[in-house]
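Take a look at the model below. Then follow the text from one part to the next.

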Amino acid sequence: MAFKYRLKFAKLGLVKFVGHLDLLKALERAVMRGRVPVAFSHGFNRHQLITIAQPLPLGMESVGEYADIELARQITPEELAERLNAAMPSGLRALAARQLAPGEKNAAAATAAAEYEIMFEDFSGLQERVNELLAAEQVIVQKKSKRQERQADIRPDIFKIEVLDARRLRALLAAGSSGNLSPRVLAEALARENDWSARYRRLEMFGKRGGGFEAL
Amino acid sequence: MEIPEKILMSVEKPARYIGGEVNAVEKRNAAIRFAFCFPDVYEVGMSHLGLQILYYFINQRADTYCERAFAPWRDMEGVMRRQGIPLFSLETKEPLCNFDFIGFTLQYELCYTNVLNMLDLSGIPIYSRARTNRHPIICAGGPCAYNPEPMADFVDFFFIGEGEAEQGLDAVFDRYAKGNRREFLEKIKDLPGIYVPSCHTGGTVKKVIVRDMDKAFTPDRQIVPVIEAVHDRAMLEVFRGCGRGCRFCQAGFVCRPARERSPDALRNQAETLIARTGYEEISLLSLSTGDYTGFQPLAQVLLDRFAGDNVNLSLPSTRVDAFTLRIMEKIQGARKSGLTFAPEAGTQRLRDVINKGITEEEILNGCGLAFEGGWSHVKLYFMIGLPTETDEDILGIADLAEKILGVYYKRGGKRQPNVSVSVSSFVPKPFTPFQWEAQNSCEEFSRKQQLLKRAIKNKRIKYTYHDSRMSVIEGALARGDRRAGQAVARVWELGARFDSWSEFFSYELWERAFTESGLAIEEYTGGRDISRPLPWAFISTGVSEEFLRSERRLAYEGAVTRNCGESCAGCGADAAFDAGGICRGV
């Protein structure tokens with residue numbers, strides 16, 4: 001009998017410089033310290049059944065991270081969050097938890113979009129530039145992977161951009177296996193050749209529901 | 001101080017510099033601020049048990065706040081220098097120059113340049129004599145402090161021994177008053193274990209130790225690093241010191257007498273450490289864990305207690321018998337990582353010379369048992385350049401590896417076996433019976449490494465060896481005197497950093513630094529006249545020089561000295577610490 005839970009958590013402050021694998025380790029150790037009755041995999045190298053929905057790029061904050069955790073016995077979602085919060089390292093915080101419905105897709109598979117706040121240090125004419133970008137049929141950028149650089153059109157991966165003030169915007173971007181756009185790539189596309197550095201915060205992650213999106 | 005985020009975004013592994021780990025201490029309004037500095041990168045320093053002990057020991061004091069700093073990696077150093085950012089502590093990001101004390105742990109000689117670099121990055125003059133009352137007091141301890149001379153021009157005072165001892169660091173803080181460094185150093189210069197180079201007028205500095213390991217300060221938690229450390233697990237120190245008396249081993253002699261912790265204390269400590277760290281693995285630490293008196297019941301108790309919680313045990317497998325194997329079968333991943341033996345020398349004759357109490361028969365029997373139990377991977381550690389060594393001893397390493405393979409096939413092993421042979425270069429160290437010996441030259445080490453390479457023919461034997469040129473510099477510094485410090489300062493000026501990292505180590509730079517300081521490396525690595533005093537003779541570890549001489553004679557005769565647990569060899573440590581035979585239980 002498996003009891004699957006979805007945890008929503010925040011990653012704020014300097015802990016944003018802790019990478020994906022180390023973050024997973026930090027969660028696992030918080031699970032142990034908090035005496036969460038986590039389930040372990042069977043087999044030769046046993047490990048906790050925790051998966052993070054999607055890696056967050058190093059240096060970004062988030063108030064909308066998700067992880068799936070499988071427990072060996074049932075506890076209330078509130079207890080899961082409380083136990084974790086009593087044991088989390090500074091900057092990590094459980095925001096909410098819910099028990100997954102039978103047959104519900106795991107967080108990684110369900111992820112289809114993510115919303116980010118991008119805070120530029122400086123940007124002249126942000127609204128105009130956003131309008132221009134949204135009006136374009138194609139937005140071609142150089143996408144760097146480990147091996148090669150290639151040109152890609154990111155326009156289909158931009159679902160929505162809302163300018164908040166002269167330096168800040170909120171963007172809903174494709175996320176997950178069937179298309180993924182990093183807010184950094186978007187920020188660079190907006191800034192073009194200008195060296196306008198930005199800070200990023202993931203706000204929420206979504207799965208598909210009907211014709212729209214629903215928070216994970 | 002706030003660290004600009006852009007800087008952290010521009011360096012490798014920025015989490016090295018952020019602090020905020022689970023169990024890190026927060027404190028306000030402490031009168032005395034102490035920066036514990038580990039002169040290597042975060043992941044290395046955070047693996048060190050001594051840091052964890054002293055961090056919590058010092059932080060027990062309400063009036064003192066102990067924070068940490070590590071050597072910034074070269075990319076970070078570059079950014080800091082370009083932007084004028086001083087070295088800061090992880091806890092409060094306070095520049096180190098604003099602390100009362102900066103304490104370095106000297107774990108290996110090749111980190112000396114990092115000590116100077118960390119001082120310089122803090123805006124503190126590297127030479128003690130150039131510092132004024134507005135600068136922090138610089139202190140140092142750790143194994144390399146047993147020969148403090150090469151660092152004596154840079155360090156205001158050394159602490160010799162175990163800081164958490166009753167007569168340890170507390171006495172230093174109790175005497176501290178801000179403002180006048182000279183007055184303060186005068187006040188502490190005669191305390192047990194304290195060596196103040198600028199006030200030393202002769203006399204012996206005797207190391208300070210914990211007498212009863214169960215009563216000694218032991219932290220009930222560990223700082224859990226935010227990025228994976230080299231050793232990232234709960235550390236249980238089962239005993240301190242060692243009764244084996246391997247004649248090359250500095251730790252084995254300077255940490256005497258051997259003192260055990262009781263199984264009950266260890267079990268309780270394991271319980272609280274796991275609860276407070278969330279670690280998935282416990283490691284039993286000491287210089288030779290298999291020698292712990294209650295080793296079997298302890299391992300069994302820990303396995304039984306933690307198996308249900310999916311907490312794994314890690315055991316150094318120095319002694320392999322049926323019991324250890326049974327235990328190891330229950331340990332996750334043990335088969336994969338294989339068995340480890342440290343015969344150190346290739347022939348029984350040479351093993352007797354170095355008093356390495358392990359016989360070929362024991363190794364082969366241990367391997368046989370392991371192979372029957374399904375193991376197929378054996379790791380062997382050796383040293384070359386040992387006193388009295390001949391080519392026959394070198395070739396003996398290849399023979400032993402072949403014999404182990406033979407055992408595997410004879411026992412009908414079905415998989416492809418792997419025997420790794422890892423060879424390091426012998427470094428004569430102070431306070432060992434070999435402290436007067438000549439070290440092999442780089443050329444001699446290379447010749448021996450190649451000799452062994454040619455002798456190993458079987459493809460199932462994987463042979464690796466270390467850069468012997470690093471060992472030669474290590475050797476020159478280990479037995480250095482006050483003048484050797486000039487070479488350290490010079491090589492640092494020339495740009496040397498992270499010398500214990502092979503990618504950064506430059507022998508040519510060190511050679512140049514020695515030459516420009518009017519010194520020769522060979523002067524330090526050569527044999528020493530046994531009738532003349534050694535630069536570290538004023539330090540007392542409790543083990544008498546007379547005993548070291550007698551061990552040296554026995555080495556030449558190939559005569560072994562028994563483990564302290566079997567019979568007392570009269571090294572002097574028991575009497576020096578009025579220990580009442582505490583070392584005889586081990």
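B:Ile282 stands opposite B:Leu313, a residue of β12 in chain B. Keep in mind that this is a predicted model. The strand to find next is β11 of chain B, residues 281-285. It pairs with β12(B) in the parallel sense, over three bridges.

Now widen the view to the whole sheet. It is an open sheet of three strands from chain B, in the order β8-β11-β12, and the pairing is parallel. Which strands stand at the edges? They are β8 (234-237) and β12 (312-314) of chain B. Each has a single partner strand, so one side of each is left without a neighbour in the sheet. The strands are also turned against each other: neighbours differ by 25° on average, with direction ignored.

A helix lies across part of this sheet. Helix α9 of chain B, residues 263-277, lies across β8 and β11 of chain B. Relative to β8(B), the helix runs at about 165°.

Next comes the contact between the chains. Chain B puts in 22 residues, and chain A puts in 20 residues. On the side of chain B that touches chain A, α9 appears again: α1 (5-10) and α9 of chain B each supply at least two residues. What kinds of residues make up this side of chain B? Eleven are nonpolar, six are polar and five are charged.

Turn to the interior. In soluble globular proteins, nonpolar side chains tend to be buried together. Here, the largest nonpolar core has 221 residues. Those with the most contacts inside this core include A:Leu7, B:Ala35, B:Cys139, B:Val155 and B:Phe158. Helix α15 of chain B, residues 391-410, gives the most to the core, with eight residues. Chain A takes part as well. Its domain 1 (3-104) and domain 2 (111-215) both give residues to this core, so the core lies between them.

Zoom in on B:Val155. Leaving out residues up to four places away in sequence, B:Val155 touches B:Ser128, B:Ile138, B:Cys139 and B:Ala140. Two of these names, B:Val155 and B:Cys139, are also among the core residues with the most contacts.

End with A:Ala135, in helix α4 of chain A, residues 126-135. Is A:Ala135 buried or exposed? A residue counts as exposed if 12 or fewer other C-beta atoms lie within 10 Å of its own. A:Ala135 has 7 other C-beta atoms within 10 Å, so A:Ala135 is exposed. Now find A:Arg155, 20 residues apart from A:Ala135 along the chain. The C-alpha atoms of these two residues are separated by 9.6 Å.

Terms used. Residues numbered from 1 in each chain as written. Chains lettered and ligands numbered in written order. Predicted model: local features only at pLDDT ≥ 70, side-chain atom pairs only at ≥ 80, totals over all residues. Core = buried A, V, L, I, M, F, W, Y, C linked by C-beta atoms within 7 Å. Buried ≥ 20, exposed ≤ 12 C-beta atoms within 10 Å, placed from the backbone. Helix = DSSP H or I, 4+ residues; strand = E, 2+ residues; numbered from the N terminus. Domains from an automatic or database assignment. Contact = placed C-beta atoms within 7 Å. Pairing = 2+ DSSP bridges. Axes fitted to C-alpha atoms, helices over the stretch in contact; angles between N-to-C directions. Nonpolar A, V, L, I, M, F, W, Y, C, P; charged D, E, K, R; others polar.
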